[in-house]
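Please open the structure in your viewer and keep the selection tool at hand. This tour suggests what to select at each stop and then describes what is there.

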Amino acid sequence: MSVAESTTAFVLSRHWSEVGQALQLRYWLKSEAGVECWTLDGVESVCFVPEAELDAWQRVWTQLAMSVRLGEAGKLSSLDGQPVRAAYSTTFAEQRRWVRRGRDQQLRVWEDDIQPADRFLMERLITAGLERRGDRARPAHYQPALSVVSLDIETAWFVPGRCPDLYSIAVVAKDASAVWVVDRGQQKPESLPEDYHWVASEADCLRAFIDWVQRYDPDVLVGWSVVDFDLSVLQQHADRLGIDMTLGRGQTPVHWYSTGGNRQRIEVEGRQVVDGPGTMRSAAWYLDSFSLEFVAQSLLGRGKAIEDSDDRVGEIERLYRDAPLDLYTYNREDAQLVLDIFDTAGLWHFLIERADLTGLTLDKIGGSAAAFSHVYLPRLHRAGRVAPSVGEQSLTDASPGGFVMDSRPGLYDDVLVLDFKSLYPSIIRTFLIDPLGLHRGLDSDEADTVPGFLDARYHRTDHLLPGIIDHLWAARDVAKAANNASMSQAIKILMNSFYGVLGSPLCRFFDPRLASSITRRGHWILNRSRDFIEARGYSVIYGDTDSVFVWAAGHNDPEALGRELASDLNHWWQEQLREEFQLDCHLEMEFETHYRRFLMPTIRGLDTGSKKRYAGLIEHNGEQKLVFKGLEAVRSDWTPLAKQFQEELYRRVFLNQDYRAFVREEVAALKAGERDHRLTYRRRLRRSLDSYEKQKPPHVQAALKRRAEQPSWHGREVRYQMTLNGVEPEPFIRSPIDYQHYIERQLEPIADGILHFVGTGFSELVDEQLSLF
C-alpha cells in the first residue's frame with residue numbers, strides 16, 4: 001500500500017511477538033478487498049514510573065544492563081497526582097524483567113500489564129474499525145461480512161485429563177461442509193453424501209480437518225464449548241500424534257494460554273474462535289440451560305439428531321459402531337445448529353457492534369474490565385493522568401449491592417411497577433462519579449465537588465465517565481430509532497457493566513468509594529422515591545435495586561396513576577437535585593407494569609415478606625398472562641407436577657375461580673397415578689460421580705444407582721423419581737412411587753404460599769378430601 005492509499009477495515013485479530021530484540025505487532029484486517037496482515041516492526045513497549053523514584057529505577061536498569069528510554073518530564077501524573085514518566089523498552093519481555101526486579105525492591109510502576117497490540121489501538125481510540133494509511137491509522141466504522149465455520153467433534157466418553165478416542169469431525173459453513181469419520185472396521189453404508197469422508201486413522205482425520213480449514217480460510221471458527229472441548233481434545237490428539245495444529249492463517253500453529261483455574265484460551269493467527277454459550281451469556285440471554293439441545297429447541301424449535309437423549313454418550317458410541325451414517329447426520333447437525341442459533345439470535349451483529357464500542361475481540365467472553373480500560377484509558381491519558389496496574393488498589397472497604405426493600409406480604413389488586421431507566425448509569429451521569437473526578441475532587445475545595453459515600457467527593461468539571469455515558473446514551477437512542485437492536489443491546493450491557501467494573505478488584509480502577517457512591521446513592525434514591533409516593537397516599541409494598549412496587553389501592557385507572565406518579569417523581573427529582581446539589585438530573589422513572597393481581601409471599605415458615613420472589617397477573621395484547629419471579633414455576637429443580645400445579649392454582653386464585661376443588665382433584669389424581677408422567681426430577685451432574693465422596697444429594701444417588709444398573713451410562717443429566725424405596729433413576733424405576741413425598745414436598749409448600757392469603761391452607765383442603773375415603 002502506498003502512503004497516499006488508504007483502506008477502511010475491521011480488526012479481525014491482533015497479535016504481538018518479539019522478533020530478535022524487537023517488538024512486532026500484527027493486525028489481521030478484514031476489508032472489502034479481503035483479509036490482509038498489517039505488520040508493524042520496532043514498536044516500543046511502554047509503562048510509567050514515578051519521577052520520585054527515577055534514581056532507584058536507573059540503578060535497576062543499570063544492574064540489568066538495559067537501555068530504557070524515558071518520556072518527557074512534567075507531562076503526566078498518576079491519578080493521585082504523583083508526577084510520572086513514560087518508560088519505553090524495546091520488547092515486552094525486557095519490560096517485564098525490569099518491572100519484576102523493581103517491584104521486588106518495592107518500586108512502583110503503572111500500566112505495565114497492558115498488552116502491546118492492545119495499547120497501540122487504544123491510544124489511537126481505535127476499537128474495531130480503522131482507516132489505515134501506511135503505518136498510520138485512525139478510528140473508523142466498518143461492518144465486516146464474516147466468513148464463519150462451525151466445528152463439532154464426536155468422541156468416546158470424555159473424562160477431563162484423558163484423551164478420548166476421536167470418532168468424527170464435522171465442519172459446516174454457509175456454502176460448504178465436510179464430515180470425516182474414523183474407520184475402525186465398521187460396516188460401510190452403500191451410498192454416502194458428498195461431504196461424508198471415511199479416513200483411515202485419527203491422524204488422517206485431524207490432518208484432513210486442518211487442510212480443509214486452510215483451504216476454506218474462514219475468519220471465525222465457532223462451536224459449542226469449542227475451546228474447552230472440541231479444540232482442546234483435537235490439540236491433545238495432535239500432541240499425541242506429533243501433528244502441528246496449524247489452523248492459523250499462513251499455516252501458523254495455534255497457541256494456548258491459561259486463564260486461571262481449569263479454563264484456557266486459544267489464539268489462532270488471523271482468526272477468532274467464538275464459543276456459543278459464552279457469547280449468549282455475554283449478550284445477556286437468560287435461559288434455564290445453555291446446553292446445545294435446550295438452546296436449539298428454545299430458539300429453533302428443533303434439536304439434536306439423536307433418539308436417546310438420556311444416554312447421549314452411549315447412543316453416540318452405538319451410532320459410531322453400528323450406524324455411521326446416522327453418526328454423520330448427528331455430528332453435522334450439531335455444527336449446523338450452532339450456525340443457525342447465531343443467526344437467529346443475531347449474535348454476529350452483537351459481537352461486531354460490541355467490538356466497535358469497546359475494543360473487545362469477537363472471542364472475548366465477559367471482558368467488562370478490559371472494555372472499560374479500552375474506552376477510559378486513552379481519555380485519561382489525554383487528561384494527563386495514568387492508571388494503576390490491575391491489583392494495585394489497597395483499599396478494602398466493601399460496597400453494598402443493590403437495595404432490596406423489606407416487602408409487605410399479601411395478595412393485592414392493582415400493583416404498579418415503576419422502574420428507573422438504567423439507574424446506575426444515570427447515577428454516574430447525575431452525580432459525576434468517575435475515577436479521575438474522585439481524585440481531583442479529593443484535592444479540591446468542597447464547593448467544586450459533589451459528595452459521594454465513604455468520604456468520596458467528585459469534581460464538578462474534571463471528569464470523564466459521565467461524558468462517556470452521555471455519548472453512549474445518545475448513541476443508544478440513535479440505535480433504537482434505527483431499529484438496530486444489536487447496537488442498542490451492546491450499549492446497554494456496556495453502560496450497565498460500569499458499576500460492576502468499578503467494584504471489582506479485577507479492574508485497574510477498582511475503588512470501593514466509586515462503587516459505594518453508586519449503590520448507596522441508589523439506596524438513597526429508592527428510599528426517597530418511596531417516601532414521595534407514600535406521601536401521595538399510596539403504599540410501596542416492595543422495592544428492588546431500581547424498581548418500586550406501588551399498590552394502587554382501588555384507584556379507578558391504575559395505569560393512568562402509574563404514568564402520573566412516574567412523571568411527578570421525575571419533576572420532583574429534578575427540583576430536589578437542583579436545590580440540594582446544583583446538579584442536572586438524569587434520573588428517569590418509567591411506568592413499567594400493571595399487575596391486575598399480585599402476590600408477595602412470605603418466607604416459608606415465617607410471617608416475614610420474601611425478597612426477589614413474587615407472582616402476578618398482567619394483561620398483554622388483550623391476553624392475560626401469569627408472571628413468576630423466583631418461584632417454583634420458573635425454577636429448574638422442581639418437577640413438572642409442581643410447576644403446572646402452581647401455575648393453575650395461582651391462575652384460579654388471581655381470577656377468583658374455584659381453587660378448592662382444583663387442589664382436591666390434583667391430590668386425588670396424583671394418588672391415583674394419573675400424574676406419574678409429571679413426577680420426574682431433572683438435575684445435572686456438575687462434576688464426575690467419583691468426586692462426590694461425603695455428601696450425595698438425591699440426583700447423585702440416582703446417578704450412582706443408574707451406573708450400577710447400566711455401567712456404560714455416562715450421562716450428565718440425571719432423571720429420577722422418589723419411590724417408597726428412596727431415589728430411583730429412570731429408566732430403572734421398579735418400586736411404587738412415594739406419592740406422600742410429592743404431596744408434602746411439592747404440592748403443599750406451593751399451595752400454602754398463596755392459600756393462607758385467602759383464609760385457608762393445603763392441609764385443611766386435603767383433610768377434607770381424605771375424609772371422603
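The stops below visit a strand, the cysteines and a charged patch.

Before you start, keep in mind that what you see is a predicted model.

Begin by selecting V46, which you will find in strand β4, the stretch that covers residues 45-50. Is V46 buried or exposed? With a relative accessible area of 11%, V46 is buried, because buried means under 20% relative accessible area. Keep V46 selected and add G71, which is 25 residues apart from V46 along the chain, and you will see that the C-alpha atoms of the two are separated by 9.6 Å.

Next, turn to the cysteines, and ask how many disulfides the structure holds. The number is zero. A disulfide is a covalent bond between the sulfur atoms of two cysteines. Select C163 together with C205: the closest cysteine sulfur to that of C163 is the one in C205, and because the two are 12 Å apart, they are too far from each other for a bond, given that a disulfide needs sulfur atoms within 2.5 Å. C163 itself is partly exposed, at 33% relative accessibility. Now select C37, another cysteine, which is also partly exposed, with a relative accessible area of 29%.

For the last stop, select R683, R684, R686 and R716, which together form a patch of positive charge on the surface. Within this group, look at R684, which belongs to strand β27, made up of residues 681-684. R684 counts as partly exposed, since its relative accessibility is 35%.

Key:
Residues are numbered from 1 along each chain as its sequence is written. This is a predicted model: local features need pLDDT of at least 70, side-chain atom pairs count only at pLDDT 80 or more; totals for chains, interfaces and linings use all residues. Side-chain values use heavy atoms; hydrogens and water are left out. Patches are made of residues with over 30% relative accessible area and no salt bridge: like charges are joined within 9 Å, nonpolar side chains (Val, Leu, Ile, Met, Phe, Trp, Tyr) within 5 Å. Accessible areas come from the Shrake-Rupley method with a 1.4 Å probe; for residues, only the protein chains shown count as cover. A salt bridge is a side-chain nitrogen of Lys or Arg within 4 Å of a carboxyl oxygen of Asp or Glu. Lys and Arg count as positive and Asp and Glu as negative; His and the chain ends are not counted. The place of a charge is taken as NZ of Lys, CZ of Arg, CG of Asp or CD of Glu. Helices (H or I, at least four residues) and strands (E, at least two) are DSSP runs, numbered from the N terminus. Buried means under 20% relative accessible area, exposed over 50%, partly exposed in between (1.4 Å probe, protein chains only).
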